[in-house]
Structure formats: C-alpha cells, structure tokens
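User: Hi! Could you walk me through this model? I have the sequence and the structure open.

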Amino acid sequence: MMGKNKLVRAFKTNGKYVWDIYNPAWPSKAFNSFFINHLHELEYISDEHMSLRRLLIAITKRCPLKCEHCSEGATLYNQDVLSYDDIISRIDPFIKKNVGQLVYSGGEPLSRFEDLVKLITRYNNKCDQWIYTSAYGLTIEKAKLLKKAGLNGAAISLDHHIEEEHNQFRGNQKSYYWVLEGIKNLQEVGIFVAINICPTKEYIDSNSVEIFISLAQELDVPIVNILEPRGVGNYQDKDVELEIKHKESLERISKKYNFNPAFFDSPTVIYPAAYRKMMPCGGGKSYLFLDYDGNLYPCPFCKAKMTLPTSDTELCEAE
Ligand code: SF4
C-alpha cells in the first residue's frame, strides 16, 4: 500500500509501539483483533469469522463550536435521542465479535463527558479506544479521568498554525487555546495525542502545511493526520474539494516526512486519501459509522444506511 516504503519511525507509549492513529498499538489484544479481522477481509473463510476493524460512534449532537466544514451541520445542537444504555446495546454486538478499535466522535464527544467516560471504562482492554475531539474544555481533571477509564489516544483538530485563523474556521475564539491545553493535559497524563488537520485549498497553496508540521513538532505531537475537505454538511455544494495539484502536494509532503530518514525527528504525516489509489475504500467493510440516532453508515460521509448486527447476524445493507 505504501509502495514498499518503510516508515522511518514508530513511537513507544505505555510500553507499546504505535506508528499511526488507525492501527492499535502493539502488543495488545486490540492489535490482534484488528489484524485478524484484516486478514479475514483479505482471505474470506466464513461469515462467522468476519468482523470489523473499526467502529466510529457519534455519541452526541452537542458541540461548543461552529466549524466552517462541519459534516453534521444540519443536525448539530439538537437534543440527543439515545441514552447510554441505547448506545451500549448497539456497540456490544461489535465487541462480542472482537472489533479492533472504537473511535468516539460527535458533535463533540467531550460534551457528553460522563457517558464518554462510562463507555471507555466499559470497553477498557477489550479493544483500542480513541476520541476525535476539538479538546474544548479538556482540563487536566478531565484528562486524568479519561486516562483512568482507559482511553488509548486522542486526535485533536487543529486546522491552521495561526490562532486567529484557526478560531475563525472553528467559529469560536477560544478554540485554539483549548487545542493547546488539551494537548498539554493529555500528554501530561500519558494519553497518546495526534493532530487532525483539514487543510483548505488556500492553505495548501500558501505552502503552510509544512509550517503546520513544524508547529506539531514544537508541541511534541508525534502524528499529523491530514483529512480532506468534503462537499457535505456545511460544505455541501461548495467548491472545497481538493484538486489534483493539492493532493499531489500533500502526498509529496507525507512521503517526505514518513520515509526520508533526514526527517526522523519530525512527526509522521498520515494522508489516508493518498492510499485510496491503491486500496478500495474500507467503509462498510473494514469500518462503520454509528450515528447519534443509532443509524449505521459505511462512514460519516456516505449516507447509505446499514442494518445493525446482533450476536447472531451479519452486517448487511438496508434496502
Ligand atoms: S467540532 Fe466537529 S462537530 Fe463540532 S462544529 Fe466542529 S466539525 Fe462540527
């Protein structure tokens, strides 16, 4: 998938090795489940052996921000309809089938903090657990509770190296402040931290991505994960999708930092979209998205509903 290139670095955290945000740390039960499921995807044995590598779960519609690119803009800020028990009744069947990784998102998962902590505690040591977060309000007290619950990692959204620009993109004047606080507090308690960036065409054209990577390095963040803007939610019908030249630029940067030993001290720069040329999208097969109304989709961007599995049934697309 990476063209026979080898990453020049991995990271050791809490006695385990990590090399990106999508694969559970090694050694762990989560790592084994994740890659056994991957092998079953590659070579089918029987339905009984098929399971998911990753389940993304939107646990709330609440969010303190108002981001320019939000894919959930239409339903955000509405009342949550699923109780904690409703959520676990939907996740448990995947745990029984040894899902490798749970990723909690929203809305902002920290906006439903008590339930988030209960979920992480419930599935601690059963699989890898991450949050995708703006880090808004992520105090040291909350970081300690997340660590105690068993959170493995957090991908924090930062979209510009200039504070005012990031805050404007996120529609909140304190967003940048909380990104830095959240990174610091999670690092202090020993939770692995990565940064998610959604760079606009203008940001890439202004050659700012490498300035951003230097900022991540200054913040001691080992991984920068590049997500492409998509024409959904608030970006529906807007000319936001990256052109070939932007994609090529991001791919060049990703390869430079990941495979050139001269950049050993820099963060790993993940750009998953670059690998779609080599591998089909894993949505609906390797991973699924469970939304805050209990509906199951191939991913947060594809709105074709799937049916929920029980311990006896397999996943299938709804009619
Ligand atoms: S933090 Fe996430 S959920 Fe909240 S507005 Fe921004 S993109 Fe949407």
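**Chatting through the model**

Analyst: Happy to! Let's begin with Y203, which lies in helix α7; helices (H or I, at least four residues) and strands (E, at least two) are DSSP runs, numbered from the N terminus. One note first: this is a predicted model, where local features need pLDDT of at least 70 and side-chain atom pairs count only at pLDDT 80 or more, while totals for chains, interfaces and linings use all residues. Residues are numbered from 1 along each chain as its sequence is written.

User: Thanks! Is Y203 buried or exposed?

Analyst: Y203 is buried, because 21 other C-beta atoms lie within 10 Å. The cut-offs are 20 or more other C-beta atoms within 10 Å for buried, 12 or fewer for exposed, and partly exposed in between, with C-beta atoms placed from the backbone.

User: And what does Y203 touch?

Analyst: Not counting residues up to four places away in sequence, Y203 touches H160, S208 and V209. Contact here means that the C-beta atoms of two residues, placed from the backbone, lie within 7 Å. H246 is 43 residues from Y203 along the chain, and their C-alpha atoms are separated by 9.7 Å.

User: V209 sounds like a helix start. Which residues of α8 are buried?

Analyst: Helix α8 covers residues 209-218, and V209, F212, I213 and A216 are buried there. Seen down the axis of α8, these buried residues fall within an arc of 100°, so they line one face of the helix. That arc is taken from the directions from the helix axis to the C-beta atoms. S214 and E218 are exposed residues on the face of α8 turned away from its buried side.

User: Nice. What do the buried residues of α8 pack against?

Analyst: They pack against β7 (192-197), α7 (201-205), β8 (223-226), α9 (244-259) and β9 (268-270). After α8 comes D220, with a positive phi near 65°.

User: Which other residues have a positive phi without being glycine?

Analyst: Y77 has phi near 75°, and N98 has phi near 65°. Most residues other than glycine have a negative phi, and most peptide bonds are trans. Y77 sits in the loop between β3 and α2, and is exposed with 12 other C-beta atoms within 10 Å. N98 belongs to the loop between α2 and β4, and is partly exposed with 18 such atoms within 10 Å.

User: Since you mention peptide bonds, where are the cis ones?

Analyst: One cis peptide bond joins W26 and P27, with omega about -5°. P27 is in the loop between β2 (16-18) and α1 (29-42). Another cis bond joins G106 and G107, with omega about 20°, and G107 lies in the loop between β4 (101-105) and α3 (113-122).

User: Switching to the ligand: which residues surround it?

Analyst: G106 and G107 turn up again, along with C63, L65, K66, C67, C70, E72, L76, E108 and S134. A residue is near a molecule if its C-beta atom, placed from the backbone, lies within 6 Å of it. The shell divides into five nonpolar, three polar and three charged residues. In that count Ala, Val, Leu, Ile, Met, Phe, Trp, Tyr, Cys and Pro are nonpolar, Asp, Glu, Lys and Arg are charged, and the others, Gly among them, are polar.

User: L65 caught my eye. How far apart are Q173 and L65?

Analyst: They are 108 residues apart in sequence and 9.4 Å apart in space, C-alpha to C-alpha. Q173 is in the loop between α5 (163-170) and α6 (175-189), and counts as exposed with 11 C-beta neighbours inside 10 Å.

User: Okay, zooming out. How many helices and strands does the protein have?

Analyst: Nine helices and 11 strands. The radius of gyration is 19 Å, close to the 20 Å that the globule rule gives for 319 residues, so the protein is as compact as a globular protein of that length. This radius is taken over C-alpha atoms, and the rule is 2.2 Å times the number of residues to the power 0.38. Buried residues make up 39% of the 319 residues.

User: Last one: what does I156 contact?

Analyst: Leaving aside neighbours within four places in sequence, I156 is in contact with T133, A135, V179, G182, I183, V193, I195 and N196.
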